[in-house]
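Trainee: I should like to learn how the terms used for a protein model are justified. May we examine one together?
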Protein chains: 2
Amino acid sequence: MSRVTFVAGKLGTWRIESIAAICGEGVGPAERLERIEAPQFLSPPEGGWRLCGVRSNERYTEKSERERLIAIQPPLDRMESVCASLIPIKKSEAWWALAQDERRRLFEERSKHLSIGIEYLPAVARRLYHSRDLGEAFDFLTWFEFAEKDASAFDELLRRLRDTEEWSYVEREVEIRLRRDRARD
Amino acid sequence: MSRVTFVAGKLGTWRIESIAAICGEGVGPAERLERIEAPQFLSPPEGGWRLCGVRSNERYTEKSERERLIAIQPPLDRMESVCASLIPIKKSEAWWALAQDERRRLFEERSKHLSIGIEYLPAVARRLYHSRDLGEAFDFLTWFEFAEKDASAFDELLRRLRDTEEWSYVEREVEIRLRRDRARD
């Protein structure tokens, strides 16, 4: 269990190219963003905002699926990953009121969330943070990194996920697109 | 998602009868305890301690199991419930590293956690709070309430659960036994 703060303001590794409110309320504008994994949450910067989350245990992934993921999922911070996206999501009370097996069925058997995601590996690196138990505005913060040449594949991934039955339970979603000024040294 | 603070010190509805470290480190002594569900966490009282948690979505319970539970589970704060217990638990990293289906199988198919619990309904009322994503010392705080006449059934419930394969993943457990001075008015 480790903590992350996404700090948006004037400083940060990532330049914010766009912030789109896909569903529900958006977030305020900012110039740059930093993803900081640290033992404590950071304060919001002056004139900016922050989102907090934790890396936590898996909630739906089964053993065989995890083995497939582990075999091909790439690390963050690859040299060629000059593009990134932060997608905060909040699901409805109706989603959270479902039993575990109902949520699992919607997540994978009906919506193929994992199976779709796997098709975009290793191009799109991903890290999921949980926020719901923290009482944050969003339930999840998902961070993605990819190379310039894979940006259109990432767009397609988002389109396919948003078209699923699972996504009918999403009541707030913001898409923040980011770019490093140059490839990592 | 609502927050709870268990505040242990000199004040509170519940008199602490005993604090037993079942596994791993215990918690400090205190005279009384209060369970406070409120929008914000409370501070620890002078010379005492607190434990924080949240009511959150179910992690293992399936639809059919929930229907059985809902049909017979009693509310908290029944007039005859003069006995209570708070059991904070921390599971090992090995538990949390398991995939969802592996944890579910250990929890119910192999250890009968829900099935055993249901045998003690409606005598033993129960409420589960999650603490792990908060970065607290424990992963769960479970609160139980029951009548004097059901105290030995509650002891039996604890013995049976501690004898399961699931409990081999428990690395810290404290059993706090409590009593109201008199039945609720």
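**Reasoning from values to terms**

Mentor: Read from the start of its sequence, chain A of this predicted model runs β-β-β-β-α-β-α-α-α-β-β-α-β. In total, chain A holds five helices and eight strands.

Trainee: What makes chain A as compact as a globular protein of that length?

Mentor: The globule rule gives 16 Å for 185 residues, and the radius of gyration of chain A is 16 Å, close to that value, so chain A is as compact as a globular protein of that length. Along the principal axes, its C-alpha atoms fill a box of roughly 45 × 35 × 30 Å.

Trainee: What share of the residues of chain A counts as buried?

Mentor: Buried means under 20% relative accessible area, and 51% of the 185 residues of chain A count as such.

Trainee: How do you know that a two-fold axis relates the chains?

Mentor: Chain A is superposed on chain B by a rotation of 180° with 0.0 Å of shift along the axis, at an RMSD of 0.0 Å. That is the relation of a two-fold axis. The same surface serves both copies, as 100% of the contact residues of chain A recur in chain B.

Trainee: Why is a space called a cavity, and how many are there of 30 Å³ or more?

Mentor: A space is called a cavity because a 1.4 Å probe fits there but cannot get out. The count comes to one cavity of 30 Å³ or more. About 80 Å³ of space lies in the largest cavity.

Trainee: Which residues line the largest cavity?

Mentor: Its lining has 13 residues, with A:Asn57, B:Arg59, B:Trp96, B:His130 and B:Phe140 nearest the centre. By class, three lining residues are nonpolar, three polar and seven charged.

Conventions
Residues numbered from 1 in each chain as written. Chains lettered and ligands numbered in written order. Predicted model: local features only at pLDDT ≥ 70, side-chain atom pairs only at ≥ 80, totals over all residues. Heavy atoms only, no water. 1 Å grid on protein atoms, 1.4 Å probe; cavity = no way out; pocket = protein on both sides within 12 Å on 5 of 7 lines; lining within 4 Å. Points joined across faces, edges and corners; volume = space filled by probe spheres on them. Nonpolar A, V, L, I, M, F, W, Y, C, P; charged D, E, K, R; others polar. Least-squares fit on C-alpha atoms with pLDDT ≥ 70 in both. Contact = heavy atoms within 4.5 Å. Helix = DSSP H or I, 4+ residues; strand = E, 2+ residues; numbered from the N terminus. Rg over C-alpha atoms; globule rule 2.2 N^0.38 Å. Buried < 20%, exposed > 50% of the residue type's maximum accessible area, 1.4 Å probe, protein only.
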